[in-house]
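Reader: Could you walk me through the labels used for this one? I'd like to see each value set against its definition.

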Amino acid sequence: MSKAEIRFDGQVYEMPVFEGTENEKAIEIKTLRSVSGLVTLDPGYKNTGATTSAITFLDGEKGILRYRGYPIEQLAEKSTFLEVAYLLIYGDLPSKQKYEEFTQNIREHTLVHEDFKTILDGFPSAAHPMGVLSSMVTALTAFYPEALDPNRSWESVDMGIIRMMAKLPTFAAWAHKNAKGHPVIYPDNRLDYCSNFLKMMFALPSEDYEADPVVSAALEKLLILHADHEQNCSTSTVRIVGSSQASLASSISAGISALWGPLHGGANQAVIEMLEAIKNDGGDTKKYLNKAKDKDDTFRLMGFGHRVYKNFDPRAKIIKKAADSVLLKLGVNDPILEIAKGLEEAALEDPYFVEKKLYPNVDFYSGIIYRALGIPTNMFTVMFALGRLPGWIAQWKEMRENNEPIGRPRQIYTGANERDYVDVNAR
Ligand code: ACO
């Protein structure tokens, strides 16, 4: 094993260098503090590997993304979301029999306890569906108390995984129905995962509903593209919550909350709101590019930039192509697609964006497809959560199987030094 040397205060400390299967190298600093008194400082973990992982490989410079070794381009074109979910969670593509068992098992658990309707009824229609979703997932802990202990048995953990995969689409669609003030639609287990979700989203009790196969297929692709992305904000949250031996449901619920913010999964909603604002403001993309570049303006070009992709986001490439084809197939003419394309073109030629290596990310075009599929803007981040679920589960399971220690970063204290308490009347 190669070693790196750290020199400090006239001493040399040798630290082992760990090498991953794709030749990424990392200095292991586990013993640094005990031998030298030093810790490392890296706000936002921009250059810190929190774990080793065998699930997803990405190379941000080359724009590579693979789940368990399989390129995202191949999976998005040829696979199904549930097959990808199996791959991520259990480590390999399923045999035909295993795939059938897995999908059947999920179908059988899509229904949620009737009391969830009472919980849903407690939310006002104005509740954001992401808040409703994370609350419903937390509420699972009350209905399946045996799943609270992740050490109980493998069977109980696996049952929790199946339930989570099966029930999240039901919760997601019901969160939408709540926002609309409409009655919920029960799952239809004759349907595949995406068609069942679409039915629960869009059907009315008084009407027959059949999902458009173009819409189902587009959804399948979007979910695959969002299924995992290694140690991002929400996934790291899931792992760190799970590292305290909290249940799968509470860890996933925390992940949903972490995803919600506009710098992460909330970006897809923010992109559409931004594109609409530009359209309503006369379509002047230059004005908004200038705002994004202005240091005194907090405005950022939503859907642009990524912590790890510095050349292109491979998912964005696939989604841009899919957006064109879905809009064409559905005969949708969305003026904000033109604004998005114009904005992308202008940004890619602008020295500010070029120098900072800011490119469209997965969410720049995903909202445009969701709109074309009839999904309302406040549900975009929920769609992301549906897609990311198998990744969160796989990462949680890996963390548990590797027996990882509780996540507990250090800090460098910069506050007041010791001082004596002063009575309130003397202050
Ligand atoms: N518009 C304008 N300037 C930007 C943008 C943007 N979208 N993104 C980054 N920059 C600038 C920053 O101001 C910073 O400039 P400086 O070096 O002069 O201070 C520089 O580029 C680096 O940006 P950081 O915020 O330091 O980069 P970081 O890796 O921390 O952030 C992030 C990445 C959060 C994705 C950022 O690019 C961003 O806010 N993008 C817009 C939100 C978005 O689309 N998020 C979705 C990400 S994908 C996902 O989570 C699924």
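Author: Here is a short run through the labels, starting with the ground rules. This is a predicted model, where local features need pLDDT of at least 70 and side-chain atom pairs count only at pLDDT 80 or more, while totals for chains, interfaces and linings use all residues. Residues are numbered from 1 along each chain as its sequence is written, and side-chain values use heavy atoms, with hydrogens and water left out.

Reader: What makes a residue part of the ligand's surroundings, and how many residues surround the ligand?

Author: A residue is near a molecule if one of its heavy atoms lies within 4 Å of it. By that rule 22 residues surround the ligand, and the closest are Arg 300, Leu 301, Gly 303, Arg 307 and Lys 356.

Reader: Which classes make up that shell?

Author: The shell has 11 nonpolar, 5 polar and 6 charged residues. The classes work like this: Ala, Val, Leu, Ile, Met, Phe, Trp, Tyr, Cys and Pro are nonpolar, Asp, Glu, Lys and Arg are charged, and the others, Gly among them, are polar.

Reader: Why is the pairing of Arg 307 with the ligand called a polar contact?

Author: The term asks for a pair of N or O atoms within 3.5 Å (within protein, one must be able to donate a hydrogen and the other to accept it, and residues adjacent in sequence count only if both atoms are side-chain atoms). A polar side-chain atom of Arg 307 sits 2.8 Å from a ligand oxygen, so the pair qualifies. Backbone atoms join in too: a backbone N or O of Phe 304 is 2.9 Å from a ligand nitrogen, and a polar backbone atom of Leu 263 is 3.0 Å from a nitrogen of the ligand. As for cover, the ligand taken alone exposes 910 Å², and the protein buries 78% of that; these areas come from the Shrake-Rupley method with a 1.4 Å probe.

Reader: How do you know that S1 and S2 pair?

Author: Strands (DSSP runs of E, at least two residues, numbered from the N terminus) pair if DSSP finds at least two bridges between them. Strand S1 (residues 3-8) and strand S2 (residues 11-19) have 6 bridges, so they pair, and they run antiparallel. Glu 5 stands opposite Glu 14 in S2, and Arg 7 opposite Val 12. Their hairpin has 2 residues between the strands, with Asp 9 at a positive phi near 55°.

Reader: What makes S2 and S3 a pair?

Author: S2 is joined to strand S3 (residues 25-27) by 3 bridges, again antiparallel, so the rule is met. Glu 19 faces Lys 25 in S3. In this hairpin, 5 residues lie between the strands and Asn 23 has a positive phi near 65°.

Reader: Why are S4 and S6 called edge strands?

Author: First, the sheet: 3 strands form an open, antiparallel sheet in the order S4-S5-S6. Strand S4 (56-59) and strand S6 (70-71) each pair on one side only, hence the name. Strand S5 (residues 64-67) meets S6 over 2 bridges, with Arg 66 partnered by Pro 71.

Reader: Why is the pair of Tyr 86 and Phe 102 called edge-to-face?

Author: Rings of Phe, Tyr and Trp (its six-membered ring) pair if their centres lie within 6.5 Å; planes under 30 degrees apart are stacked, over 60 edge-to-face, the rest tilted. The structure holds 13 aromatic pairs. For Tyr 86 and Phe 102 the centres are 5.3 Å apart and the planes at 80°, so the pair is edge-to-face.

Key:
Helix = DSSP H or I, 4+ residues; strand = E, 2+ residues; numbered from the N terminus.
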